Amino acid sequence: MYLLNSLSALKPKLKPYFLCNSNFNCNYYPITTTTTTTTTKSSITQMATKVDESNVGIFCFISNLPGFRGILKQRYSDFIVNEVDKEGNVAHLTSLDAPQEEIGEETVTTTEDTANTKSYASEIESFRSLAGDSDAKHLEDFINQINSGVEDGISPIVLSPDSDKSHRTAMHNFFKQNFKFLVTDVVDGPDASSKCIRVRLNTGGPRNKGRHSKKRKERGDKPFDSRGSENWSENNGKFLRFHLYKENKDTQEALGVIGKMLGIQPRSFGFAGTKDKRAVTTQRVTAFKQHASRLAALNERLIGIKVGDFCYVKEGLLLGQLMGNRFTITLRGVVADSDDTVKASADALGRLGFINYFGLQRFGSGSVPTHLIGAALFRGEWKAAVSMILDPREGDILVLTVIAKAREYYKESNDIEGTLKQLPRHLVAERAILQCLKKCPGNYLQALKAVPRTLRMMYIHSYQSYLWNHAASLRVQKYGTDQVVLGDLVYCKGDNTENVSGGMPECEDDSYNDADDSNHLDEISGTDLPEERNNLVKVVTAEDIHTGNYTIDDVVLPMPGSRVIYPSNDIANVFHDLAKKDAISLLESVHSVKEFSLTSITGSYRRVFQKPLDFEWELLSYTDGNIPLVETDLEKIAKSKPVKKAREEDLANGNDKNNLVDCTKQSEILENDMKTETDDNEVEGEQEDVLPRVESQEPQMALKLSFTLPASCYATMAIRELLKTSTSVAYHKTLN
């Protein structure tokens, strides 16, 4: 679909920005990490520079067309992502309501199994003298909620922080003696030195013998599972599936908020892949034994997050269970030599596709790229790898952030306990390493193994991707993008070939938020692959070229590992030569730690070229850069809801008539609210990339793109092919 809106009024004011393409000379060996097997702290500091495309092997383009200026993600609503399931269905948020048949059905029998509707006034007064007024009030409200007869929706309460272990023991004993229908345990407090007592309803004690009892004789043949609702109909599937809509939040953050409000653990949720933070995204999520009405009720309290389209299913979602993502991307501030330049570039992207590079997100947003840490792991330099993860980052944007201060404090003082108090909890790798070093000083390998496996593998996969990108650039530079050549690797033609992934499902575009990328790695590099996977790849022969059985779209390159084969032409050398420059051998290991050894990792394959599917584009004109140019799922829901009905509902809920707002403005209000929020999910000391408001009222042009990509492809690399410019956040900030 090609629409040109008043293009004659949008004359270019800047010349296009050019970088090299496949017909220009592109050096494929840029900056190397190290040439020795010993990495000192000083060399690490020298390496700690912001990663750029050329540093990770991203050099070439498919088309010879000139690029043009366009701003990527000026607003997060300019980048919309909708998950596509295995059957090709695109996930959209279409309803916020629980299924009608469920309303009024959630009845819970609470007899003498709970508090026997006793007030427990005297016990609460005794508790007040032990714990104080605030905790006594929390407990009183908690018991009143239990006595109200809504047992299933009751979330645990957490009492005030308490660093006195003897006092906590007295509290535990008090509950055992006076509130036998409640159980207590200890959770971490707001800082490392304090703990909090958590109080919850006893679902497995003598009053509530049943499915959640840990004792087999009390629960009969019902399996023990502490995650979901105890009041569950056997007619329903065990999992509630819903669509998660989020704005400017990553998947883990959004589910963390929902889980906290429901009082359930993160493991209760399942999803196919994480989605980009600076975007508007909709994806499928499953929750174990949760009622739709409970989640639907959260929508009134959630900001920047909505849930809907509920149904019950028998199986929970697992990582990798998706076909890909549908992208709707708006490039603002488009400036080109002519309208024809933009039109020709958009046509070429749809027709020719792009080089299937791993994007910059793959290598982290901090000043120490993740592939450098991966290289240190392959060399067996455990202390150096720990230093790269923990040390201050040269060149970080905000040197005065909490994270930067904590890193600097540890480097200067070596005080682990003091550093842990300062370090934000979302820095999982750093905290895991420090906590291990606290118990086992100097054992750097053990500290690295304390990092969750998915995060450890992120570093490994990053280095594999680093080698792959360089090999892909050399393949384009030396042999072009038009045809298969002798010695190329291709997927064999035959049965089930198309069912094999073009590479491990390492990343769904732009979902890479440093450590979060690991959440949708299926760790295929760390497990054995079926033999038939490798048999599906072959080296192109002269006969293959003569018969024309294979096209450029069939060409693949390996992600290095023990079971892959390499091209039989010059492209194989780039893998070995570049690894050798980093003092790494692809054929033998210098240490015995299997998960950090290329000789113990299976490896996989990835297509070199990718075409966007169901590709559409449209040119738009606009004057106000602060107004969204594409409707989100939430805005479509609000638009379909009659304003009069919305106002009546607001009045029924007790809202002041003067404060009523048309529901069509809801998304705009949410967006403005989120601009005032403090980003508590900073990555490597880098602040939320919120771009300044655009004040210009002059006519401008935008290019709207819609296309689908497989889960292993980066939409930013498609945009790079279009613009012929860097996709880095820093570069696009300069365009404002």
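Me: Is helix α22 (residues 715–723) largely enclosed by the rest of the structure or left open, and how many of its residues are buried?
Reply: Happy to start there, with the reminder that this is a predicted model. Helix α22 is largely enclosed by the rest of the structure, because its buried residues number nine of the nine. They include Arg720 and Glu721 as well as Ala715 and Leu723. So the count of buried residues in α22 is nine of nine.

Me: Which residue follows α22, with a positive phi?
Reply: The buried residues of α22 include Leu722 and Leu723. After the helix comes a residue whose phi is positive, near 60°. That residue is Lys724.

Me: Nice. Turning to the rings, what kind of aromatic pair do Phe239 and Phe288 form?
Reply: A search of the whole structure finds 19 aromatic pairs. For Phe239 and Phe288, the centres lie 5.3 Å apart and the planes are at 70°. Planes over 60 degrees apart count as edge-to-face, so with its 70° this pair is edge-to-face.

Me: How many residues apart are Phe239 and Phe288, and which strands hold them?
Reply: Phe239 belongs to strand β6 (residues 239–247) and Phe288 to strand β8 (residues 280–288), so the pair links distant parts of the chain. Phe239 counts as buried at 15% relative accessibility, and Phe288 counts as buried at 6%. In the chain, the two are 49 residues apart.

Me: Is the pair of Tyr463 and Tyr466 stacked, tilted or edge-to-face?
Reply: The ring centres of Tyr463 and Tyr466 are 5.6 Å apart, with 35° between the planes. Stacked needs under 30 degrees and edge-to-face over 60. Because 35° meets neither condition, the pair is tilted.

Me: Which helix holds both Tyr463 and Tyr466?
Reply: These two tyrosines are three residues apart, about one turn of the helix. Tyr463 counts as buried at 0% relative accessibility, and Tyr466 counts as buried at 0% too. Their shared helix is α15 (residues 453–479).

Me: Which ring does the charged end of Arg332 sit over, and which acidic residue does Arg332 meet in a salt bridge?
Reply: The charged end of Arg332 is 5.3 Å from the centre of the ring of Tyr622 and sits over that ring. Its side chain also meets an aspartate in a salt bridge at 2.8 Å, N to O. The ring is that of Tyr622, and the acidic partner is Asp78.

Me: How many residues apart in sequence are the parts that Asp78 and Arg332 tie together?
Reply: Asp78 sits in the loop between β1 (69–71) and β2 (79–84), while Arg332 is in strand β10 (residues 324–335). Both Asp78 and Arg332 are buried. Because of where they lie, the pair ties together parts that are 254 residues apart.

Me: Are Asp570 and Lys478 buried, partly exposed or exposed?
Reply: The side chains of Asp570 and Lys478 meet in a salt bridge of 2.2 Å, N to O. Asp570 is in the loop between β14 (555–559) and α18 (571–581) and Lys478 in helix α15, so the pair ties together parts 92 residues apart in sequence. Asp570 has 34% relative accessibility and Lys478 has 44%. Each value lies between the 20% and 50% cut-offs, so Asp570 and Lys478 both count as partly exposed.

Definitions and conventions: Residues are numbered from 1 along each chain as its sequence is written. This is a predicted model: local features need pLDDT of at least 70, side-chain atom pairs count only at pLDDT 80 or more; totals for chains, interfaces and linings use all residues. Side-chain values use heavy atoms; hydrogens and water are left out. Buried means under 20% relative accessible area, exposed over 50%, partly exposed in between (1.4 Å probe, protein chains only). Helices (H or I, at least four residues) and strands (E, at least two) are DSSP runs, numbered from the N terminus. Rings of Phe, Tyr and Trp (its six-membered ring) pair if their centres lie within 6.5 Å; planes under 30 degrees apart count as stacked, over 60 as edge-to-face and the rest as tilted. A charge sits over a ring if NZ of Lys or CZ of Arg is within 6 Å of the ring centre and within 35 degrees of the ring normal. A salt bridge is a side-chain nitrogen of Lys or Arg within 4 Å of a carboxyl oxygen of Asp or Glu.
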